[in-house]
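Got your viewer open? Keep the selection box handy and follow along, one stop at a time.

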There are 2 protein chains.
Amino acid sequence: MVIEKNTTLDRTFHALADSTRRGMVTMLAKEGFKTAGELGAPFDISQPAASKHLKVLENAGLVIRKRHGRTHAFSLNSETLGAARGWLERHQAFWAGSMDQLEALLETEGDT
Amino acid sequence: MVIEKNTTLDRTFHALADSTRRGMVTMLAKEGFKTAGELGAPFDISQPAASKHLKVLENAGLVIRKRHGRTHAFSLNSETLGAARGWLERHQAFWAGSMDQLEALLETEGDT
DNA sequence: CCATTATATAACCAAATGGTTATAGAAAAA
DNA sequence: TTTTTCTATAACCATTTGGTTATATAATGG
């Protein structure tokens, strides 16, 4: 068994494991572009707290930051979202395969 | 904007944000059933550490535990994997929609 | 220039995380 | 029954996390 060590997925899943950050991702998914201020506004947290959340999302590669003057515009990076999704898909597929094998095994055993 | 507060997703993504736990999930996806001992063996951690990882996966609903005598057999819970995958898919779809809208907007603006 | 606005950074704190060793409990084996 | 084996729990520790307030930096507006 080869053990995978993927710090990119670590960061991605960790970033998504917080409802405030997922809320920010939802805003970006729905509305395309948002500033740091807009992304923090709906949540009952301080401005520095929102800033830190955005840095976590940025370091995970989930969002892309573009500076426009004194405001920072964020957008979603669908590629990173897709990488996490791909991992889950592959594992569900593997699992489905295992279940098929198990079913086949059970059927064979049931034959006797 | 409705802010989502989903502690189930919190637990799911948090459980997946660790390469040891993802490795355990990979083993289960590939091989169907494994005992606690087998799941911990490939990793350079103590038995209690592996036990704790399995409890995190179990509490997240990612694995199902069945006691057989003194051994515990684990299997993957594809439903929870699918819930996380669904969240990612919906957000990618939203994002794709936003991009379409943006493209449409840009095209309209380019008309004049 | 000066004030305001948008965002980040520093310093700090409590709680959670992931690891350890030592121990307990319960089932299997001798 | 006694010993092993499998797994969990307790107690502890260092690091990380997510929050705060206070301050810095940088761009805009008067």
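What follows is a walk through the two protein chains and then one DNA strand.

Before you click anything, know that this is a predicted model, in which local features need pLDDT of at least 70 and side-chain atom pairs count only at pLDDT 80 or more, while totals for chains, interfaces and linings use all residues. Residues are numbered from 1 along each chain as its sequence is written, chains are lettered from A and ligands numbered from 1 in the order in which they are written, and side-chain values use heavy atoms, with hydrogens and water left out.

**Stop 1: the pair of chains.** Select chains A and B. A turn of 180° with a shift of 0.0 Å along the axis lays chain A on chain B with an RMSD of 0.0 Å (fitted by least squares on the C-alpha atoms of residues with pLDDT of at least 70 in both copies). That is how a two-fold axis relates things. Both copies use the same surface: 100% of the contact residues of chain A recur in chain B (contact means heavy atoms within 4.5 Å).

**Stop 2: where they meet.** Each side puts residues into the contact: 39 from chain A and 39 from chain B. About 3,900 Å² is buried between them, with carbon and sulfur atoms giving 67% (buried area is the accessible area, with a 1.4 Å probe, that two parts lose on being put together, summed over both). Now pick B:D10 and A:R22, whose side chains form a salt bridge at 2.7 Å, N to O (a side-chain nitrogen of Lys or Arg within 4 Å of a carboxyl oxygen of Asp or Glu). Four salt bridges cross this interface. Next, color α1 (7–16), α2 (19–31) and α5 (78–111) of chain A: each supplies at least two residues of the side touching chain B (helices are DSSP runs of H or I, at least four residues, and strands are runs of E, at least two, numbered from the N terminus). The largest share, 14 residues, comes from α5(A).

**Stop 3: the DNA.** Show DNA strand C. Which residues come nearest? Of the 23 around the strand, they are A:K55, A:R65, B:S46, B:K52 and B:H53 (near means a heavy atom within 4 Å). Zoom in on B:H53: one of its polar side-chain atoms lies 2.3 Å from a phosphate oxygen of strand C. Over at A:R70, a side-chain N or O atom is 2.8 Å from a base oxygen of strand C. Finally, select α4(A), which gives the most to the surface near this strand, with five residues.

Note on methods: Polar contact = N/O pair within 3.5 Å; in protein donor to acceptor, adjacent residues only side chain to side chain.
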